[in-house]
Amino acid sequence: MGGGGEEEYESLPTHSIPVHLAAGALAGAVEHCVMFPFDSVKTRMQSLCPCPETKCPTPVHSLMSIVKREGWLRPLRGVNAVAAGSMPAHALYFTVYEKMKSFLTGNTAGHEHTLAYGASGVVATLIHDAIMNPAEVVKQRMQMAYSPYGSSLECARCVYNREGIAAFYRSYTTQLAMNVPFQAIHFMGYEFWQHVLNPEHKYDPKSHLIAGGLAGGLAAALTTPMDCVKTVLNTQQAAEADPSNRRIFLQARYRYRGISDAVRTIYSQRGLAGFSCGLQARVIFQVPATALSWSVYELFKFMLSFEGGHSS
């Protein structure tokens with residue numbers, strides 16, 4: 001094919017589902033795993049367990065506190081669960097987004113399509129979260145201080161045996177209440193910055209990196225309150241937890257049944273400030289994570305479409 005990589009890249013969104021699936025899976029693994037230690041910090045700061053990290057002045061201090069007390073590998077506990085969930089979840093997430101965007105915009109670009117980008121992100125989120133929510137529950141319980149589980153599989157088995165399948169979806173409505181606005185802001189922000197930085201919509205690594213980081217950071221900051229609620233529902237951690245009791249999670253079942261329970265408890269324990277816990281760590285995690293995710297996604301989309309074009 002003599003048209004060149006740029007033409008094939010631009011025509012890709014209407015033609016190649018396997019490319020979106022492969023690029024999305026790789027992007028998901030990168031997004032969730034590269035900055036994972038700061039995600040562990042965020043989880044501890046948002047949970048209602050009195051962890052030492054809540055008293056640290058910055059997320060970096062919190063991370064060093066975990067490493068010093070519990071070893072270098074401790075901030076990575078649960079990363080295998082999130083990697084296993086994020087690859088299929090993101091594969092479908094990017095594919096659904098691209099297909100919906102193409103359907104709603106007629107495969108054209110412009111600021112007039114901002115709402116279409118947001119709507120596409122919302123539909124993609126419904127699919128993504130249905131797959132990702134169980135992995136999030138296992139991940140966050142593994143991340144907690146004094147977590148009694150030896151592995152992600154053991155954690156999943158124990159949670160299922162003690163709390164049933166519902167435990168893996170207890171925070172699903174909260175996850176959607178957080179991720180629907182998050183992804184709408186994220187995708188609209190990304191497309192907005194793409195129009196500004198890369199109006200010709202060619203493969204441009206710098207614009208993908210910058211647009212992804214700016215969009216992810218803003219979306220993360222604005223949706224932190226719901227992320228705090230989600231963490232409380234996922235970890236089911238008691239505010240009066242005893243650090244000497246390493247079986248703490250096994251005793252804390254059905255403590256918070258829904259969003260109202262979690263909101264009421266966070267407010268009574270920490271006031272309004274409780275809904276901004278972990279904001280710094282969340283933004284520090286999300287800015288490079290979404291920047292890398294979009295960069296990897298656009299890179300592999302370009303590479304795979306380029307190879308596909310030359311093989312035909």
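What follows looks at the internal cavities, a nonpolar surface patch and the salt bridges of this predicted model.

The model is predicted, so local features are kept at pLDDT of at least 70 and side-chain atom pairs at pLDDT 80 or more, while totals for chains, interfaces and linings use all residues. Residues are numbered from 1 along each chain as its sequence is written, and side-chain values use heavy atoms, with hydrogens and water left out.

Inside first. Rolling a probe the size of a water molecule over the atoms shows where empty space is left. Two cavities of 30 Å³ or more turn up (a cavity being a set of points, on a 1 Å grid over the protein atoms alone, where a 1.4 Å probe fits but cannot get out). The largest one holds about 290 Å³ of space, a volume being the space filled by probe spheres set on the points, which are joined across faces, edges and corners. Its lining comes to 22 residues (those with an atom within 4 Å of a point), and E31, H32, E136, N179 and Q286 sit nearest the centre.

Plenty of helices chip in to that lining (helices being DSSP runs of H or I, at least four residues, numbered from the N terminus). At least two residues each come from α2 (17-34), α3 (36-46), α5 (79-105), α6 (114-143), α8 (172-197), α10 (224-235) and α13 (279-311). The top contributor is α8, with six residues. As for chemistry, the lining of the largest cavity splits into five nonpolar, nine polar and eight charged residues. Here Ala, Val, Leu, Ile, Met, Phe, Trp, Tyr, Cys and Pro count as nonpolar, Asp, Glu, Lys and Arg as charged, and the others, Gly among them, as polar.

E136, one of the residues nearest the centre of that cavity, also pairs up with K230 in a salt bridge, with the closest N and O atoms 3.0 Å apart (the rule asks for a side-chain nitrogen of Lys or Arg within 4 Å of a carboxyl oxygen of Asp or Glu). Since E136 belongs to helix α6 and K230 to helix α10, the pair ties together parts that are 94 residues apart in sequence. Both ends are tucked away: E136 is buried at 5% relative accessible area, and K230 is buried at 3% (buried is under 20%, exposed over 50% and partly exposed in between, with a 1.4 Å probe and protein chains only).

K230 has another partner, D227, at 3.4 Å from N to O. These two are three residues apart in helix α10, so about one helical turn separates them, and D227 is buried at 0% relative accessibility. Shared partners then link D39, K42, E136, K139, D227, K230 and R282 into one salt-bridge network.

In total, the count reaches 20 salt bridges. Another of them joins E70 to R44 at 2.8 Å between the closest N and O atoms. With E70 in helix α4 (residues 59-70) and R44 in helix α3, this bridge connects parts 26 residues apart in sequence. E70 is partly exposed at 27% relative accessibility, whereas R44 is buried at 1%.

Over on the surface, F192, W193, V196, L197, L209, I210 and L214 make a nonpolar patch of about 560 Å². Residues in such a patch have over 30% relative accessible area and no salt bridge, and their nonpolar side chains (Val, Leu, Ile, Met, Phe, Trp, Tyr) are joined within 5 Å; areas come from the Shrake-Rupley method with a 1.4 Å probe. Helices α8 and α9 (205-222) give two or more residues each, and α8 has the largest share, with four. V196, in helix α8, is partly exposed at 44% relative accessible area.

Note on methods: 1 Å grid on protein atoms, 1.4 Å probe; cavity = no way out; pocket = protein on both sides within 12 Å on 5 of 7 lines; lining within 4 Å. Patch = residues over 30% accessible without salt bridge, like charges linked within 9 Å, V, L, I, M, F, W, Y side chains within 5 Å.
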